[in-house]
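The following report takes a careful walk through one model, beginning with a single residue and ending with whole chains. Please keep the sequence and the structure in view while reading.

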Amino acid sequence: MKSSSAQLARNSKTRKQNLSLLLFTLPALIVYALFKLYPAFSGIYYAMTDWNGVDKTYSFIGLQNFIRVLRDTYFWQSILFTFKYVFVMVIVANIVSLTLAVAIETRRRARGVFRTVFYLPNMISMVIGGYMWMFIFTKVLYYLVDNFNGFSFLDHMWIGDPQYSFVAIIIVATWGAVGYLMIIYMAALQGVPESMKEAAVLDGANAWQRFWKVEFPMIRHALTICVFWTLNAAFQVFDVIYTLTGGGPGRATQSAAINIYEEAFRGNIQFGYATAKSTVLFLIVLVITAIQLSVMKRREEEL
Amino acid sequence: MKKRSAISVGVYLFLILSALFTLAPLLLALINSFKSNGEILTNVLSLPKQINFDNYARSIEKMHYLRSLGNTAFLAVGGVGLIVLFSALAGWKLCRTKTKLSRFLLSLFIFSMLIPFSSIMIPLYKVMLALDIKNSLLGFCFVYAGLGVSMAIFLYHGFVKGIPRELEEAAAIDGCSPLQTFFRIVFPMLKPVTATICITNVLWIWNDFLLPLIVLSDNKKYTLLLSTNTLFGQYSSDWSAILSALVIAALPVIVFYALLQKQILKGITDGAMKG
């Protein structure tokens with residue numbers, strides 16, 4: 001008898017707590033459910049319809065859209081391009097930003113100035129940055145080639161030739177991303193205890209050995225964060241490509257996000273089909289980030 | 001010692017060249033924004049012969065600069081205001097309540113952080129259409145809140161864990177209602193993490209391009225980036241108009257950065273390390 005009344009009291013206390021919890025989370029819950037959860041889940045349904053975005057009526061067509069996605073060579077080309085872009089970005093952006101972070105950390109006085117400068121592009125939208133670079137690629141480089149000797153290696157169609165426009169995209173995207181990664185690497189490097197570095201110096205290790213044997217193992221968690229961030233951002237790449245090449249020439253630099261955007265909002269408006277594509281993209285991103293996180297976490301623990 | 005200083009010079013040289021490379025697009029845009037198209041053609045690298053604000057007058061008018069700036073500022077302030085208010089309320093209560101429901105709600109908020117925006121943008125477009133907020137800036141603020149609360153709740157939840165609850169309990173005993181306790185006692189204590197959340201979200205909303213691009217159709221509601229993009233489409237070879245537009249479009253974030261540099265860099269580091 002006694003225990004059940006205690007339980008009743010506990011239950012009513014829990015119920016009161018939950019009610020108050022619901023009231024406090026309600027505003028967040030409503031906007032979150034409406035603009036994130038519902039779109040995410042209803043997307044799975046729309047992906048199985050022939051909805052074209054305009055008509056009020058549409059019908060359920062099962063997995064037909066997904067079968068079409070599998071056969072859509074343009075989509076897989078854009079996925080392939082995205083993979084290539086992600087791969088190059090993860091390597092280039094992280095090497096450049098880590099190099100800059102290490103170089104800055106060796107300076108005492110000028111550290112602040114350089115950090116400020118290198119982070120600046122990160123503040124500016126890639127739409128603005130992209131158009132500024134467009135000026136360089138279409139005007140400034142040709143000016144250098146025409147007026148100075150020794151710049152002929154720049155004489156390419158930077159925006160019109162698929163091979164070089166890929167390089168152009170990587171340059172601009174790296175320019176925009178490096179500051180953010182550098183800040184994270186710098187914070188991690190500052191966390192390496194001074195005593196360990198000094199001990200390594202006393203043991204006669206040179207700068208190269210000190211970095212790889214002492215500092216690098218200590219900043220592995222920053223590497224995990226940065227690779228994770230680059231992967232995620234790169235898989236969704238849109239702004240840089242939209243402003244620089246628009247996915248062209250033809251479809252040569254079309255990323256998955258650009259391909260989905262074109263499918264849904266340009267020309268042939270096929271929302272149902274485009275949603276099926278975006279579901280496939282989500283699954284790919286999910287699998288890859290899960291693999292990356294588990295692999296890198298395991299490596300970190302081994303050290 | 002000699003070898004040491006040689007390395008030091010090398011590192012400096014590397015850093016200075018990288019800094020020049022980093023600043024080149026901005027500097028080239030700036031110096032050429034004062035030139036006529038003819039002058040740009042004859043010499044891109046020289047300083048402008050005269051400082052002439054005609055280009056700026058033209059681009060300010062063409063891109064409806066002040067209106068676009070106002071729209072963007074409205075979205076950033078409104079969106080961030082909602083994110084902070086909603087997430088602080090939720091994050092605090094989620095941390096202080098230890099029930100099955102609280103654990104469920106927290107994981108519900110966090111699990112979607114990995115869903116890429118391009119995966120939800122089409123159904124989201126439909127939701128905004130159905131709610132008739134396609135061209136409503138206020139509606140956009142709520143959409144940004146919906147997209148932003150996950151991360152912010154995660155950060156608030158983590159921060160609240162680290163602050164003692166005695167003060168709240170004392171306030172409750174003194175007869176404060178939970179809401180009063182929140183606004184008088186808790187919210188002021190959350191200031192450091194609120195700063196981080198404000199900075200990261202202002203920058204996100206300010207620089208967001210894809211959502212307005214697909215949803216906004218009324219050009220009176222255009223953001224700075226949309227107006228810049230439209231101008232670029234209309235004047236694709238008129239670089240003196242475009243470059244001046246790019247400079248003034250970049251200006252607000254550069255000023256923001258110049259004023260709040262320390263807080264911004266700290267906020268970015270904190271946000272990244274915890275996220």
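B:Asp132 is exposed, with 9 other C-beta atoms within 10 Å; a residue is called buried if 20 or more other C-beta atoms lie within 10 Å of its own, exposed if 12 or fewer, and partly exposed in between, with the C-beta atoms placed from the backbone. This is a predicted model, in which local features need pLDDT of at least 70 and side-chain atom pairs count only at pLDDT 80 or more, while totals for chains, interfaces and linings use all residues. Residues are numbered from 1 along each chain as its sequence is written, and chains are lettered from A and ligands numbered from 1 in the order in which they are written.

Most residues other than glycine have a negative phi. Two residues of chain B with a positive phi are set out here, each with its loop; helices are DSSP runs (H or I, at least four residues) and strands are too (E, at least two), numbered from the N terminus.

| Residue | Phi | Loop in chain B |
|---|---|---|
| B:His64 | about 45° | between α3 (54–62) and α4 (65–96) |
| B:Asp132 | near 60° | between α6 (117–130) and α7 |

B:His64 counts as partly exposed, because it has 18 C-beta neighbours inside 10 Å.

The helix α7 (residues 137–161) of chain B also takes part in a helix pair, since its axis and that of helix α10 (residues 191–207) of chain B come within 10 Å and cross at roughly 155°. Such axes are lines fitted to C-alpha atoms, for helices over the stretch in contact, and the angles run from 0 to 180 degrees between N-to-C directions. That crossing makes α7(B) roughly antiparallel to α10(B), a term for angles over 145 degrees. Where they meet, B:Tyr144, B:Gly148 and B:Phe159 are among the residues contributed by α7(B), and B:Val193 and B:Ile205 are among those from α10(B); contact requires C-beta atoms, placed from the backbone, to lie within 7 Å.

Between the chains, 70 residues of chain B are in contact with 70 residues of chain A. Helix α13 (residues 239–274) of chain B supplies the largest share of chain B's side, 15 residues.

Chain A itself has 12 helices and zero strands. Its radius of gyration is 26 Å, well over the 19 Å that the globule rule gives for 303 residues, so chain A is more spread out than a compact globule; the radius is taken over C-alpha atoms, and the rule is 2.2 Å times the number of residues to the power 0.38. Of those 303 residues, 38% count as buried.

Note on methods: Parallel < 35°, antiparallel > 145°, perpendicular 65-115°, else oblique. Contact = placed C-beta atoms within 7 Å.
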